[in-house]
Amino acid sequence: MNIRVLSPSGSAARAALGRLRTFGTLIGFLVVVAFFWINLPTTFMTLPNWLNISQQVSMLAVIAFTMTIVMVMGDFDLSVGSMASLAGIAAALIFRDGGAVASGVLIALLIGLVGGAINGFLVSAIGILPFVATLGTLTMFSGAAFVLSGGETIFGRDIPAEFSSFARGGIPLGTVGERALVLPNLSLVALAVLLVVYLLLEQTTLGRRLYAIGGNAEAARLGGVRVRLLRQIAFMLTGVGAALGGLMYASRVASANPTQGGGLMLDAIAAVFLGMTLSEEGEPHVLGTLVGVLILGVLDNGLTQMRVDSYVREILIGAIIVAAVTMSSLEKRKR
Amino acid sequence: MIAIGHECNAQRAPRALRLCRARALRYIFGIMFDPRPLLSLSHASKSYGGSPALIDAALDLLPGEVHALMGENGAGKSTLIRILAGVVAPDHAEIAVGGAPVVFHSAADAFAHGLRFIHQELNIVPGLSVAENIFLSQPYPRRAGALVDWARLNAAAREALAALHIEHIDPRGKIARLNTGDQMLVKIAGAFAGSLQNGGETGLSAKGGANLFVMDEPTAALTGAEADRLFAVIARLKARGCAILYVTHRLDEVFAIADRVTVMRDGRVVAVKPIRQTDSADLIRLMTGREISGVYPPRASPLSSAPLLRVHDLRTAHLAGAAFDLRAGEILGVAGLTGSGRSELLRALVGADRLTGGEIRLSESAALGSAGSKSGDLHITAASRWDPTAAWRSGIAYVPEERRTQGLILSRMIRDNVTLPHLGALSGGGVTLRRGREEAAAARLGEKVRLKARDPRQTTRQLSGGNQQKVLFARALAGEARVLLLDEPTRGVDVGAKYDIYAVIRDLSARGVGVVLASSDLAELVGMCDRVLILRDRRLSALLDTAGLTQDALLTACYGPGESS
């Protein structure tokens with residue numbers, strides 16, 4: 001879009017344009033939806049498909065929502081993908097050794113908490129840049145997942161039905177023809193995490209202080225915010241979120257593999273970035289992240305149905321992320 | 001600053017005399033030749049999103065004059081300068097350079113017409129050398145067609161610095177290693193480069209034509225001696241027939257160097273006067289539109305004798321020992337040259353730097369909240385956990401030196417900034433936000449400090465400098481603080497806001513708050529404080545009573561007994 005050509009004609013047009021750019025990503029999302037609706041008239045805009053999408057994005061959503069917590073502080077966590085793999089492996093190993101589902105899940109979440117605590121310690125107490133610190137732990141967690149699993153996929157009888165049926169289950173909504181409509185459990189988990197992160201970031205003093213750190217960490221410290229402690233807590237929450245995402249993934253595919261979470265990290269960061277383009281000051285917001293997650297999920301779903309090659313799909317998704325962030329950077333530079 | 005205007009002039013008598021002579025000469029010249037303005041701007045208007053920032057403004061710059069441009073923050077000075085610089089397109093404006101009408105489409109146009117700008121903010125490239133920064137906006141001299149001729153570039157930079165009598169800066173050194181004052185001097189040298197030396201063989205002939213200089217608060221980051229160097233350069237430019245538009249909030253500078261003054265208010269030019277026909281009170285009245293009698297409100301109530309804060313041999317990595325008492329209601333000044341430890345003393349008190357020795361005692365009545373719940377004084381030593389969080393909780397409020405980098409979270413609302421240290425008390429059980437309560441507090445405190453803002457939910461970035469500083473004051477007032485630590489509270493703040501801030505400080509003092517006021521503005525220290533603490537070489541060197549204290553005596557004390565300047 002050429003902004004220069006449009007803008008000098010009156011302030012009303014300019015104001016409308018400004019609003020367009022703040023909501024540009026949202027409008028882009030609606031355009032994408034409309035595109036698929038037109039091209040896939042019978043299958044895309046149906047309740048079963050949307051329930052399906054909600055399940056497909058639920059793992060990514062949980063990781064992206066909790067990633068928003070550290071990104072609000074202006075930090076990153078690159079280790080979430082390998083933490084998701086490690087958590088899945090850890091739970092599967094406990095199941096294989098005859099452990100109860102509850103204990104496997106709890107220990108996996110605990111590993112997420114400890115991993116997040118290591119990230120937090122490196123970033124806040126030692127003072128390593130988050131990018132470098134979590135790049136290091138990404139490799140460590142990934143290596144640990146390989147060592148624990150012996151590099152193999154754990155599946156079949158080792159995974160108890162009680163665990164894998166959770167992902168297949170859900171709340172019945174009624175029936176369409178022969179098929180039962182179900183709101184998947186995984187989607188419910190994602191909604192619950194969304195609610196928790198929303199309340200945490202937007203309705204508590206902790207969230208307000210995290211935003212303050214992201215705006216200006218030194219000013220926040222001099223203004224009485226315990227920056228180190230809060231940074232530590234934020235990374236721990238992100239770690240738990242990553243472990244939860246990994247468990248959901250393992251439940252859905254009824255197996256655990258040391259690389260299965262790997263792709264989630266970049267998508268999660270991309271979703272937060274897409275969401276940031278929605279806020280005027282360019283701050284992350286968990287509802288923006290939701291829009292980002294939905295954009296990625298809808299594109300994936302629609303393009304798959306249109307039988308677009310998966311590599312072409314990646315090019316398209318990458319291009320859309322670059323376009324959205326470019327728009328919001330241009331907007332910022334104008335100010 | 002008003003009360004001491006005469007002392008200032010007395011101090012600068014020799015130069016003032018020289019200026020008078022020059023002025024008289026030019027006056028006679030003016031009658032004989034009626035000099036055409038080097039630059040004239042008229043009917044300049046500009047609105048941003050419907051709200052006018054500049055309304056039919058006009059400005060003439062005559063050859064050989066220093067023209068002061070004054071006005072409160074938001075009066076339209078910046079917009080006017082940006083139009084001259086070609087970076088803002090006016091809705092309407094007529095600009096003539098040397099009598100010929102011109103249109104500035106870009107910064108390059110303004111540059112080509114001989115305009116040079118020194119902006120308030122440092123626009124430096126930290127990774128480059130001093131010489132590279134000086135000639136940043138020009139093509140570097142070449143050798144063999146494509147290679148940069150570093151020897152010539154460095155020689156030209158050395159010459160540009162020498163023109164300002166700056167010998168202590170190496171043009172080959174990285175600019176990032178210099179302190180802020182020196183960086184500013186380099187930028188100033190860059191703007192002047194080529195306009196001072198008479199046909200110096202630098203090979204950088206492209207910059208010969210500069211004869212209009214626009215300086216936006218160039219002395220904000222400079223020490224007195226550095227500022228004097230700048231004034232000497234300005235005098236030489238004047239003598240060569242250049243015109244200088246000088247923007248400042250400091251009245252003493254205006255009376256020291258300006259020939260004429262243009263005053264702006266609410267987007268309009270309200271007065272253009274020769275400097276001889278005005279005085280401080282007149283300028284303040286023109287800028288603010290209200291009568292302000294005496295910038296420094298007098299102490300209303302007698303000082304109590306109850307000590308609030310006792311500091312003994314305080315040490316950090318940046319402070320080598322300071323001891324003093326602060327009484328309830330007292331305003332204690334902290335003076336010293338740049339690098340003497342003024343800010344560092346305040347940082348030690350608020351726990352921003354870790355204590356390495358000494359102790360702070362906060363009397364029982366002063367210590368509030370959790371820290372004061374146990375009986376007895378709050379006693380802080382190097383072994384205590386003492387950080388800004390503990391300080392705010394104990395009733396110590398802090399306004400840091402740099403409001404943009406240390407004070408405010410510019411991306412957040414006024415409300416968030418005001419309540420940040422007090423969130424615990426303003427929330428539900430320290431956990432859930434109570435936005436209504438926060439906004440009510442922010443609105444009430446904003447009114448107290450005369451904050452001009454639409455509502456508490458406005459983004460702090462959108463406020464002018466003076467109003468941003470008021471946000472920090474509102475924050476400091478929010479928690480019923482008993483001790484207030486102020487570091488350069490009025491730097492870069494316009495006269496009206498300054499007066500409001502002084503009134504707030506006085507009011508707090510009258511209610512028993514102890515104030516520690518660190519400042520490089522000697523007039524402010526003499527005008528506001530009961531006693532002044534002098535720091536030298538990062539340690540306490542003297543404690544003076546301000547009764548009968550003059551700025552000269554204070555300055556002498558800052559330099560120390562051995563080396564009075």
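Guide: A residue is called buried if 20 or more other C-beta atoms lie within 10 Å of its own. The model discussed here is predicted.

Visitor: Which residues of H10(A) are buried?

Guide: A:Asn185, A:Leu186, A:Ser187, A:Val189, A:Ala190, A:Val193, A:Leu194, A:Val197, A:Leu200 and A:Leu201 are the buried ones in H10(A).

Visitor: How do you know what span is expected of helix H10 of chain A?

Guide: The expected span is 1.5 Å times one less than the number of residues. Helix H10 of chain A, residues 185–203, has 19 residues, and the expected value is 27 Å. From first C-alpha to last, the helix reaches 26 Å, close to that value.

Visitor: Why is B:Glu488 called buried?

Guide: B:Glu488 has 22 other C-beta atoms within 10 Å. The cut-off is 20 or more, so B:Glu488 counts as buried. The residue lies in the loop between strand E20 (483–487) and helix H18 (495–510) of chain B.

Visitor: Is B:Asp537 buried or exposed, and what makes it so?

Guide: B:Asp537 has 12 other C-beta atoms within 10 Å. Exposed means 12 or fewer, so B:Asp537 is exposed. Its place is the loop between strand E22 (531–536) and strand E23 (539–545) of chain B.

Visitor: What is notable about phi at B:Glu488 and B:Asp537?

Guide: Most residues other than glycine have a negative phi. B:Glu488 is not a glycine, yet its phi is positive, about 50 degrees. B:Asp537, also a residue other than glycine, has a positive phi near 50 degrees.

Visitor: What makes strand E2 and strand E5 of chain B edge strands?

Guide: Each pairs on one side only. They belong to an open, antiparallel sheet of four strands in the order E2-E1-E4-E5 (chain B).

Visitor: How do you know that strand E1 of chain B and E2(B) pair?

Guide: Pairing needs at least two bridges. Strand E1 (residues 39–48) of chain B and E2(B) have seven, in the antiparallel sense. B:Ala44 stands opposite B:Ala57 in E2(B).

Visitor: How many residues of chain B are in contact with chain A?

Guide: Contact requires C-beta atoms within 7 Å. On that basis 27 residues of chain B are in contact with 22 residues of chain A. Helix H12 (388–393), helix H13 (403–407) and helix H15 (423–426) of chain B each give two or more residues to this side. By class, the side of chain B that touches chain A has 13 nonpolar, twelve polar and two charged residues.

Terms used:
Residues are numbered from 1 along each chain as its sequence is written. Chains are lettered from A and ligands numbered from 1 in the order in which they are written. This is a predicted model: local features need pLDDT of at least 70, side-chain atom pairs count only at pLDDT 80 or more; totals for chains, interfaces and linings use all residues. Two residues are in contact if their C-beta atoms, placed from the backbone, lie within 7 Å. Ala, Val, Leu, Ile, Met, Phe, Trp, Tyr, Cys and Pro count as nonpolar, Asp, Glu, Lys and Arg as charged, and the others, Gly among them, as polar.
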